[in-house]
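Me: I have a model open and would like to learn how to read it. Could we take the features one by one?

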Amino acid sequence: MSEAKERKVVRLITAEATSDGAGVRLRRSLGQTPSARLDPFLMLDEFASDDPDDYIAGFPDHPHRGFETVTYMLEGRMLHQDHLGNRGRLQSGGAQWMTAGRGIIHSEMPEQRDGRLHGFQLWINLPAKEKLKPAGYRDVAPDEIPELEVPGQFRARVLAGRLEAGGRTVEGPIRGVSTAPCFFDVALAADGRFEQPLPADRNAFLYVFEGTARIGEQEVPSHRAALLSAGEAVAVHAVEGPARFLLLAARPLGEPVVQYGPFVMNTREEIEQALEDYRTGRLA
């Protein structure tokens, strides 16, 4: 990797406390403003609490059109249901990859009355040609997400993309997505180092949620998203103890983004059509 151009931090985004759904408390990094995005990534939320008052109300029925949502659970249980008749349970260590496409009305509700709920939701834009395709989703059980460990350095789970380290290669279960995403959950040992080639045609960022990481000369504290420069590889070091982060990369779309709440399209007219379709029951 020494010959590859390493990516550097070009911007830090501090996750801001906010709420969504019926009052779920969370931290939002990407997506807190229209300028806080990285094509094709629209939003990243982290929800983490031991207090059921922070999460018990959940996310009752709400619509989406024009993008994909990825829900990744570290701890706790959530029940997904939608108007198409789908029903699935997200559990600790599992994920759901949902394509809203033309439209879906769904709910995500905690299946616990106490204990810790900790996870993430990521929004990834769809290209214009796929925004009106039929909705669909895939539940990914914890044991379907492969892990790769380099002792004394890191342990990584791979939901999407290919990770190469220690003479091994693992590939995540999510494949065939047009933006060719990578979704890695990386736990660095104290003084650990994570190195990984990343295709030069992908935009990339990482989100630190435990400890402090360093990329080049830039330290990235917990609850920060670090947008990365162009390059062919990334190297991340733990600072003063263990650290944990999500590394996310995907092929940019280079298309206009017009968002109105849960609808993400390319033009104002398409947003108006989505609202009309929702009002008249023709969203999906």
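Me: Among contacts between residues at least 6 apart in sequence, what share joins residues at least 24 apart?

Reply: This is a predicted model. In the protein, 71% of those contacts join residues at least 24 apart.

Me: Which helices and strands should I look for, and how many are there?

Reply: The protein has one helix and 24 strands. Its radius of gyration is 18 Å, close to the 19 Å that the globule rule gives for 284 residues, so the protein is as compact as a globular protein of that length. The C-alpha trace spans about 55 × 45 × 30 Å along its principal axes.

Me: How many of the residues count as buried?

Reply: Buried means under 20% relative accessible area. By that cut-off, 52% of the 284 residues are buried. The protein exposes about 12,200 Å², and carbon and sulfur atoms supply 45% of that area.

Me: How many positive and negative side chains are there, and where do the centres of the two sets lie?

Reply: There are 33 positive and 41 negative side chains in the protein. The centres of the two sets are 3 Å apart.

Me: Now a single residue. Where is the place of Ser178, and which residues is Ser178 in contact with?

Reply: Ser178 sits in the loop between strand 16 (168–171) and strand 17 (182–188). Leaving aside neighbours within four places in sequence, Ser178 is in contact with Pro127, Glu130 and Arg251.

Me: What is the relative accessible area of Ser178?

Reply: Partly exposed covers the range between under 20% and over 50%. Ser178 has a relative accessible area of 31%, so Ser178 is partly exposed.

Key
Residues numbered from 1 in each chain as written. Predicted model: local features only at pLDDT ≥ 70, side-chain atom pairs only at ≥ 80, totals over all residues. Heavy atoms only, no water. Helix = DSSP H or I, 4+ residues; strand = E, 2+ residues; numbered from the N terminus. Rg over C-alpha atoms; globule rule 2.2 N^0.38 Å. Buried < 20%, exposed > 50% of the residue type's maximum accessible area, 1.4 Å probe, protein only. Contact = heavy atoms within 4.5 Å. Areas by Shrake-Rupley, 256 points an atom, 1.4 Å probe, with all protein chains shown as cover. Lys, Arg positive; Asp, Glu negative; His and termini not counted. Charge placed at Lys NZ, Arg CZ, Asp CG, Glu CD.
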